[in-house]
Amino acid sequence: MVETTSDALSSAFMTDFLRKASGTAIIDGGLATELERHGADLNDPLWSAKCLLTSPHLIHTVHMDYLEAGADIIITASYQATIQGFESKGLSRDESESLLRKSVEIACSARENYYDRCNTSISDETPDGKILKKRQILIAASVGSYGAYLADGSEYSGNYGDNVTLEALKEFHRRRVKVIAESGADLIAFETIPNKLEAKAYAELLEEENISIPAWFAFNSKDGIHVVSGDSYSECVSIAESCRNTVAVGINCTPPRFIHDLITSIKKVTTKPIVIYPNSGESYDADLKEWVQNTGVSDDDFVSYVNKWCEAGASLVGGCCRTTPNTIRAIYRTRSKR
């Protein structure tokens with residue numbers, strides 16, 4: 001494939017960002033459980049996106065917690081925010097689109113507030129461990145899968161049924177992706193992609209709608225070989241690789257024990273930066289809609305993997321479900337020591 005001017009600009013965007021971050025950028029951690037820790041009730045099909053309606057201040061608080069833990073990239077609260085989901089709650093199309101934009105506005109506001117704190121701080125770290133180091137921070141606008149909208153756990157199986165076609169997926173995501181792309185975010189994070197079909201839908205949408213901002217594609221896996229649907233991980237990565245907007249490809253919401261082998265697999269089919277933000281390793285019970293206790297790894301064990309992942313080729317690292325600001329702070333410190 002011949003690199004176009006747009007390709008070159010996208011590549012330069014991430015190359016420059018990673019250079020400023022000394023080669024490794026740190027992504028934030030889990031959002032929903034942190035919102036719950038701050039008092040949010042997320043027992044709702046909208047999940048964390050419910051807070052866009054009920055308690056946007058809590059989203060701002062969690063973003064700040066992660067920035068003060070050392071995150072270079074914060075991901076918006078739009079993973080489960082869809083126009084169709086909001087409309088099912090009785091909101092209008094305009095109100096639904098406004099909430100998508102609001103998810104980005106909250107993250108941008110947190111970034112500005114964080115910069116204000118950095119500007120008035122006399123040190124890069126406070127006595128209580130808050131990182132107040134002025135640096136480039138990116139806002140990644142989250143786009144969750146069709147399965148996330150269904151709220152039935154199918155983003156962990158990739159089984160959408162025979163009636164969900166490529167065209168149906170594109171039409172489901174089309175307006176949402178356009179609104180997100182024009183919202184002021186620095187990049188789009190296509191997250192927890194469970195199958196090859198949805199990856200193709202995203203790639204084709206970006207092309208058809210002439211979306212100009214960069215994007216990353218992050219897939220999830222249960223076995224370290226395939227995405228959760230059973231599709232070939234390498235084939236899915238190849239779809240992302242072929243998309244001109246793609247500035248990173250990788251893995252999220254996957255147990256830490258599978259990450260090293262998946263990085264090796266990714267490197268065989270892409271030269272793009274590799275993005276890694278696994279979950280804590282805990283199992284999720286889709287029927288009970290809760291995490292199974294004591295099935296994950298500790299923060300110390302999680303962070304012990306990070307240097308190995310970076311040595312294997314990852315250049316953007318963070319956490320997904322059930323990881324916390326403490327996890328991200330520990331990653332920041334272990335990477336700062338290198």
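**Close-up views of a predicted model**

**View 1. Helix α6 packs over the sheet at strands β2 and β3.** Helix α6 (residues 93-120) lies across β2 and β3 (138-143), and its direction makes an angle of about 160° with that of β3. Axes here are lines fitted to C-alpha atoms, for helices over the stretch in contact, and angles run from 0 to 180 degrees between N-to-C directions. Helices (H or I, at least four residues) and strands (E, at least two) are DSSP runs, numbered from the N terminus. The model is predicted: local features need pLDDT of at least 70, side-chain atom pairs count only at pLDDT 80 or more, and totals for chains, interfaces and linings use all residues. Residues are numbered from 1 along each chain as its sequence is written, and side-chain values use heavy atoms, with hydrogens and water left out.

**View 2. Eight strands form an open, parallel sheet.** The strand order is β1-β10-β7-β6-β5-β4-β3-β2; two strands pair if DSSP finds at least two bridges between them. The edges are occupied by β1 (25-26) and β2 (73-75), each with a single partner strand, so one side of each has no neighbour in the sheet. Strands β7 (residues 274-277) and β10 (residues 314-317) pair in the parallel sense over three bridges, and isoleucine 276 has valine 317 in β10 as its bridge partner.

**View 3. Strand β5 is covered on both faces.** Five of the five residues of β5 (residues 215-219) are buried (under 20% relative accessible area, with exposed over 50% and partly exposed in between; 1.4 Å probe, protein chains only). The strand is therefore largely enclosed by the rest of the structure. In a regular strand the side chains alternate between the two faces of the sheet. In β5, Ala215, Phe217 and Phe219 are on one side, and Trp216 and Ala218 are on the other. Four bridges pair β4 with β5 in the parallel sense, and isoleucine 188 has alanine 215 in β5 as its bridge partner. Five bridges join β5 to β6, which also run parallel; here alanine 218 is partnered by glycine 250 in β6. Strand β6 is mostly covered, with seven of its seven residues buried.

**View 4. Threonine 192 and cysteine 253 have positive phi values.** Threonine 192 is found in strand β4 (residues 187-193), and its phi is near 50°. Threonine 192 is buried, with a relative accessible area of 2%. Cysteine 253 belongs to the loop between β6 (246-252) and α11 (259-267). The phi of cysteine 253 is near 45°, and at 7% relative accessibility this residue counts as buried.

**View 5. Asparagine 159 is exposed in a loop.** The loop connects α7 (146-150) and α8 (166-181). The relative accessible area of asparagine 159 is 58%. Its C-alpha atom is separated by 36 Å from that of methionine 64, the two residues being 95 residues apart along the chain.

**View 6. Helices α12 and α13 cross in the right-handed sense.** The axes of α12 (residues 299-312) and α13 (residues 325-336) come within 9 Å and cross at roughly 40°. The helices are therefore oblique to each other (angles under 35 degrees count as roughly parallel, over 145 as roughly antiparallel, 65 to 115 as roughly perpendicular and the rest as oblique). A crossing is right-handed if the near helix is turned clockwise from the far one by less than a right angle, and left-handed if anticlockwise. Asp299, Phe302, Val303, Val306, Asn307 and Cys310 in α12 are in contact (heavy atoms within 4.5 Å) with Asn326, Thr327, Ala330, Ile331, Thr334 and Arg335 in α13.
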